[in-house]
Amino acid sequence: MAEDLRSEGGAEEGALRTGEVVKLDRGYPLVRFPDGERLRCEHATALVKGHDQRAVIGDVVAVSVPAAHDKGVIEAIAPRTREFVRKDPTERALPQVLAANFERVIVAQPVGEVNLRRLERELVLAFETGAAVTVVLTKGDLADEAATAAVREAVESLAGPATEVLVVSEADPASVEAVRRLLAPGTTTVLIGRSGVGKSSLVNMLVGTEVLEVGAVREGDGKGRHTTVSREIVAVPGAGRIVDMPGVRGLGLWDAEAGIEAAFPDVESLAEECRFRDCTHQGEPGCAVCAAVAAGALPRTRYDSYQALCREAADVRDRREQARRLNKDKAAYSKHYRKKGAGPSRGGRRR
Ligand SMILES: Nc1nc2c(ncn2[C@@H]2O[C@H](COP(=O)(O)OP(=O)(O)OP(=O)(O)O)[C@@H](O)[C@H]2O)c(=O)[nH]1
Ligand SMILES: [Zn+2]
């Protein structure tokens, strides 16, 4: 008992202050307090040790400020209203939260080089958060009107009728006004998209000054480019706040069932006509999805990526289940072990 309390309470005397993680870079998380003060904060060992809890951008945190200490200590992280989660690229079965507590996700892709397969994946992750989702096609000046219209149509049909699709261009400052209108005061928007699509440029246009460093794209393949790794919540004048999430390369699915459903409304509505309620659309009799593919009503590529994403989601689910079972076994084992070992010496150890 006493041990539990000790590990929870921490040794700090001062009152806890509530703040928000507004910047993450290579240093300690930067926390902003309601009075505007910003302070670099490290994590209390109690947070990191047991469950490896770490604050992400947007997290509301309780901070203690030990006397004669230049850093604060994050003692607790408030429950999140929303999380952007991907599978941790370096782990078999662990999630990685990239941002917390936001109201909207903007998925950015360059209008001249839209990658529909990647967009599908980005939409699954965005929808999975439960936030409002918007697609912004960037670099509008690099595509002519006809090409832009064709791409917009393709993207709209992919994203579904509920998702707005906007086109912006650095060459046309008015084009970002539609984005600004989405950022309602008091709300936070997360901006995702592969490196170089123009996310930082969009944020700078919204703010009106160079708040974020813009990467210079190397001629040709665009490889070997310097990418910023910091994430920062930026206030947009007269609107809400936006977080540019640079350097998000891999977007492995984590929890994805609801996201897939939302990102594939065309498949989902066809699926309602399948003979079996649990149809997997892989050749079952009376499958409306397969029938639509055969009739050319549902593009085969679209069907294939739907199936691939479903497989990936199921695979992650299996691995999590495995890990959970393993941990349960471990926990049961150590509980048993503790009981046996602690028996005779229990009284003696208590102080
Ligand atoms: N022609 C044109 N170029 C643009 C536009 N927006 C951005 N760019 C260029 O695209 C390159 C990449 O822009 P960034 O804003 O750094 O892209 P990013 O998505 O923030 O990239 P990361 O920070 O690496 O994630 C820069 O050279 C920009 O000048 C646009 O509307 N038109
Ligand atoms: Zn079916």
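Which domains does the domain assignment of the chain give? The assignment lists domain 1 (11-77), domain 2 (83-215 + 227-244) and domain 3 (264-316). The model on display is a predicted one.

**The whole chain**

Begin with the entire chain in cartoon view. Its secondary structure comes to eleven helices and 13 strands. Of the 351 residues, 33% count as buried. Among contacts with a separation of 6 or more, 64% are made by residues 24 or more positions apart. Next, colour the chain by domain and place a centre on domain 1 and on domain 3, using C-alpha atoms: the two centres are separated by 46 Å.

**Domain 1: a loop residue**

Select Ala68. This residue is found in the loop between strand E4 (60-64) and strand E5 (72-77). Its phi is near 55°, a positive value in a residue other than glycine. Is Ala68 buried or exposed? Ala68 is exposed, because 4 other C-beta atoms lie within 10 Å and a residue with 12 or fewer falls in that class.

**Domain 2: the β-α-β unit**

Move on to strand E9 (residues 132-138) and strand E10 (residues 164-167). The two strands run parallel and are joined by four bridges. Within this pairing, Val135 stands opposite Val165 in E10. Now add helix H4 (residues 145-159) to the selection: E9, H4 and E10 together make a right-handed β-α-β unit.

From E10, continue along the chain to Asp172, which lies in the loop between E10 and H5. Asp172 is partly exposed, with 13 other C-beta atoms within 10 Å. Select Lys139 as well: its C-alpha atom and that of Asp172 are separated by 9.7 Å, although the two residues are 33 residues apart along the chain.

**The largest nonpolar core**

Which residues touch the most other members of the largest nonpolar core? In this core of 75 residues, they are Ala99, Val105, Val107, Leu123, Val124, Val136 and Leu202. Helix H3 (residues 116-128) supplies the largest share of the core, six residues. In soluble globular proteins, nonpolar side chains tend to be buried together.

Centre the view on Val107. Leaving aside neighbours within four places in sequence, its contacts are Leu119, Glu122, Leu123, Ala126, Val133, Val135, Ile192 and Gly193. Val135 has already appeared on this tour, as the residue opposite Val165.

**Helix H6**

Select helix H6 (residues 199-207), which is mostly covered, with eight of its nine residues buried. The buried residues are Lys199, Ser200, Ser201, Leu202, Val203, Asn204, Met205 and Leu206. One of them, Leu202, is also among the core residues that touch the most other members.

Against which elements do the buried residues of H6 pack? They pack against strand E8 (104-110), E9, helix H5 (177-182), strand E11 (188-192), strand E12 (231-235) and strand E13 (241-244). Then step just past the helix to Gly208, where phi takes a positive value of about 95°.

**Domain 3: the annotated site**

Finish with Cys274, Cys279, His281 and Cys287, which UniProt lists for "binding site" in an unreviewed entry. Show these four residues as sticks and visit three of them in turn.

- Cys274 has its place in the loop between helix H8 (265-271) and helix H9 (288-294). Leaving aside neighbours within four places in sequence, Cys274 is in contact with Cys279, His281, Gly286, Cys287, Ala288 and Val289. Cys274 counts as partly exposed, with 19 C-beta neighbours inside 10 Å.
- Cys279 is found in the loop between H8 and H9. Leaving aside neighbours within four places in sequence, its contacts are Ala271, Cys274, Glu284 and Cys287. Cys279 counts as partly exposed, with 18 C-beta neighbours inside 10 Å.
- His281 also has its place in the loop between H8 and H9. Its phi is near 60°, a positive value in a residue other than glycine.

Why does His281 count as buried? His281 has 22 other C-beta atoms within 10 Å, and a residue is buried if that number is 20 or more.

As the last selection, take Ala291, which is found in helix H9. Ala291 is partly exposed, with 15 other C-beta atoms within 10 Å. The C-alpha atoms of Ala291 and Cys274 are separated by 9.5 Å, with these positions 17 residues apart along the chain counted as their separation.

Terms used. Residues are numbered from 1 along each chain as its sequence is written. Chains are lettered from A and ligands numbered from 1 in the order in which they are written. This is a predicted model: local features need pLDDT of at least 70, side-chain atom pairs count only at pLDDT 80 or more; totals for chains, interfaces and linings use all residues. Two strands pair if DSSP finds at least two bridges between them. A crossover is right-handed if, with the strands pointing away from the viewer, the path from the first strand over the helix to the second runs clockwise. UniProt positions are given in the numbering used here, feature names are shortened, and annotations may be inferred rather than shown by experiment. Two residues are in contact if their C-beta atoms, placed from the backbone, lie within 7 Å. A nonpolar core is a set of buried Ala, Val, Leu, Ile, Met, Phe, Trp, Tyr and Cys residues joined through C-beta atoms within 7 Å. Domain bounds come from an automatic or database domain assignment.
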